[in-house]
Amino acid sequence: MTWTPTPYRVATRTVETHDTVTLALRPVAESLPAFLPGQFAMIYAHGVGEIPISISAIPGDGTLVHTIRAVGAVSKALHDAEPGTVLGVRGPFGTAWRLDGVEDLLVVAGGIGLAPLRPVLGHPSKHTLLIAGARTPQDLLYQAELTQLSDVDTVLTVDHGDDDWQGRVGFVTEPLASVPLDPERTTALLCGPEPMMRFCARTLLGRGVPAERIQVSLERNMQCGAGLCGHCQLGPLLLCREGPVTGYPVAEPLLLAKEL
Amino acid sequence: MTIPMTDLDALPLLMNLSHTQRAALAGVSRIETYEPGTRLFDEGGLADQCWVVLSGCVMIDAAVPPRGRVTLQSIGPGELLGWSWLVPPYRWHFGATVVSPTRAAVVDTGALRQLADDDPALGYQLSLILIDALLNRLQATRIRLLDLYRNPS
């Protein structure tokens with residue numbers, strides 16, 4: 001592993017919502033190893049800082065695709081990076097979504113949590129169902145793309161609709177409680193705010209989905225990416241190395257901790 | 001139109017009812033299909049039925065001058081629409097409009113109450129189903145109050 005960021009140039013910048021963009025990054029010279037769905041990169045905005053960002057698509061040609069929401073100083077600098085800007089990238093880091101032997105794939109995403117799950121939507125399964133939530137219709141990521149996914153049943157729901165919104169209004173737990181699913185065949189992948197994942201996991205447990213087949217993506221203050229600095233520690237886990245993707249049996253007590 | 005039992009047997013909502021109990025429920029229900037734009041009920045109207053949406057989508061709304069009808073909640077496949085028939089004064093608190101082609105089981109709630117009175121075991125199971133659905137709706141509404149997806153900046 002190198003501690004030195006590898007230069008990548010912003011090839012395209014796609015505006016997703018009022019505060020979120022997707023950047024496609026091409027290597028300036030050397031490429032990083034291939035990323036798996038669920039893994040993340042440390043992306044460095046020169047002169048500002050470095051933050052972890054999940055991979056949000058895997059085109060297979062060495063391009064790195066990241067969806068970035070402007071929240072703090074570094075994410076704002078990355079969000080504002082125009083095509084041609086050179087950024088530093090380290091990675092791939094962390095654990096990936098475990099997809100071996102998946103029969104029915106249930107993907108539940110909230111807000112920016114859809115980004116790390118986007119690469120799994122093309123994974124072969126007998127049946128894939130996506131339930132994605134957002135604050136408003138304008139905050140839903142990848143809307144055009146999601147409506148064109150032929151092999152994925154999609155339920156989009158927002159907290160607050162508007163006059164033009166023809167999708168659902170409500171929290172993701174509501175369709176989750178009523179969609180047809182076979183608990184014996186379902187593997188569930190959850191990503192979003194931690195309370196959302198807790199509530200969704202509880203709904204799934206209530207429907208008979210075993211905890212062992214529920215995976216969540218946890219995030220803390222990832223910095224080194226190698227499990228050395230300890231900034232990302234959550235209970236017994238160093239999330240940059242033993243996360244972000246974690247099985248629910250391990251994650252459940254950590255999600256209930258008041259302070260960690 | 002009477003309800004095919006296959007529709008009721010497939011509903012997770014009714015999974016704790018026996019086939020006989022589902023058949024009794026079917027006896028006080030009928031199938032309706034609705035085109036987008038159909039107004040199912042208005043605030044203040046008499047609440048004498050409820051719906052189990054089988055396919056499609058219905059929006060619950062409230063009139064908020066001068067904003068017009070503001071959507072509060074959608075009801076999709078497998079979900080229950082309508083609670084106001086449960087308690088006096090049996091008037092709808094909100095309104096509801098169909099927004100996509102919808103097929104639903106429409107339950108005669110007067111007949112349903114009679115069924116529950118005549119068969120307390122069925123009545124108890126129906127109560128649990130209603131409480132479970134209400135609890136899910138209440139919890140989801142509370143979670144929405146958390147505004148979890150807001151940008152913290």
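These are my notebook entries on a predicted model with chains A and B.

**Entry 1: confidence**

I began with the scores, since I wanted them in hand for the later entries. The predictor gives the complex an ipTM of 0.88 and a pTM of 0.92. For chain B I found an average pLDDT of 93, with 100% of the residues scoring at least 70. Among the elements of chain B, I noted that strand β2 (residues 39-41) has the highest mean pLDDT, 98, whereas helix α1 (residues 5-9) has the lowest, 85. I keep in mind that predicted coordinates should not be read in detail where pLDDT is low.

**Entry 2: chain A as a whole**

I counted seven helices and 15 strands in chain A. Along the principal axes, the C-alpha atoms of chain A fill a box of roughly 50 × 45 × 35 Å. I then compared the radius of gyration of chain A, 18 Å, with the value near 18 Å that a compact globule of 260 residues would have, and the two agree. Of the 260 residues of chain A, 48% count as buried. Looking at contacts in chain A between residues at least 6 apart in sequence, I found that 63% join residues at least 24 apart.

**Entry 3: the two domains of chain A**

The division I worked with splits chain A into domain 1 (6-93) and domain 2 (104-251). Their C-alpha centres lie 21 Å apart, and the contact between them takes 19 residues from domain 1 of chain A and 16 residues from domain 2 of chain A. On the domain 1 side, the elements that give two or more residues are β1 (6-17), β3 (40-45), β4 (49-57), β5 (64-69) and β6 (86-93) of chain A. Of these, β4(A) gives the most, with five residues. By class, I recorded eight nonpolar, eight polar and three charged residues on that side of domain 1 of chain A.

I also looked up the record for this part of the chain: UniProt, in an unreviewed entry, lists residues 3-99 of chain A for "domain: FAD-binding FR-type". Over residues 3-99 of chain A, I read 7% helix and 51% strand, with the end C-alpha atoms 29 Å apart.

**Entry 4: where chain B meets chain A**

Turning to the interface, I found 25 residues of chain B in contact with 26 residues of chain A. The elements of chain B that give two or more residues to this side are β3 (49-64), β4 (68-75), β6 (95-108) and α4 (120-145). The side of chain B that touches chain A has 13 nonpolar, nine polar and three charged residues.

For chain B, too, I checked the record, where an unreviewed UniProt entry lists residues 13-82 of chain B for "domain: Cyclic nucleotide-binding". Over residues 13-82 of chain B the chain is 13% helix and 50% strand, and the end C-alpha atoms are 14 Å apart.

**Entry 5: B:Cys57**

I next picked out B:Cys57, which lies in strand β3 of chain B. Is B:Cys57 buried or exposed? I count B:Cys57 as buried, because 21 other C-beta atoms lie within 10 Å and the cut-off for buried is 20 or more. Leaving aside residues up to four places away in sequence, B:Cys57 touches A:Arg168 in chain A, and in chain B it touches B:Ser74, B:Gly76, B:Val99, B:Ser100 and B:Thr102. I also took one distance along the chain: the C-alpha atoms of B:Cys57 and B:Ile129, 72 residues apart in sequence, are separated by 21 Å.

**Entry 6: backbone exceptions**

Most residues other than glycine have a negative phi, and most peptide bonds are trans, so I listed the exceptions that I came across.

In chain A, a cis peptide bond joins A:Gly243 and A:Pro244, with omega about 5 degrees, and A:Pro244 is found in the loop between α6 (239-242) and β15 (245-247). A:Tyr142, though not a glycine, has a positive phi of about 55 degrees; I placed A:Tyr142 in the loop between β8 (127-134) and α3 (143-147) of chain A. With 20 C-beta neighbours inside 10 Å, A:Tyr142 counts as buried.

In chain B, a cis peptide bond joins B:Pro88 and B:Pro89, with omega about 10 degrees, and B:Pro89 lies in the loop between β5 (80-81) and β6 of chain B. B:Tyr90 is in the loop between β5 and β6 of chain B, and its phi is near 55 degrees, a positive value in a residue other than glycine. B:Tyr90 counts as partly exposed, with 14 C-beta neighbours inside 10 Å.

How values were computed. Residues are numbered from 1 along each chain as its sequence is written. Chains are lettered from A and ligands numbered from 1 in the order in which they are written. This is a predicted model: local features need pLDDT of at least 70, side-chain atom pairs count only at pLDDT 80 or more; totals for chains, interfaces and linings use all residues. UniProt positions are given in the numbering used here, feature names are shortened, and annotations may be inferred rather than shown by experiment. Helices (H or I, at least four residues) and strands (E, at least two) are DSSP runs, numbered from the N terminus. Two residues are in contact if their C-beta atoms, placed from the backbone, lie within 7 Å. Ala, Val, Leu, Ile, Met, Phe, Trp, Tyr, Cys and Pro count as nonpolar, Asp, Glu, Lys and Arg as charged, and the others, Gly among them, as polar. Domain bounds come from an automatic or database domain assignment. pLDDT is the predictor's confidence in each residue, from 0 to 100. The radius of gyration is taken over C-alpha atoms; the globule rule is 2.2 Å times the number of residues to the power 0.38. A residue is buried if 20 or more other C-beta atoms lie within 10 Å of its own, exposed if 12 or fewer, and partly exposed in between; C-beta atoms are placed from the backbone.
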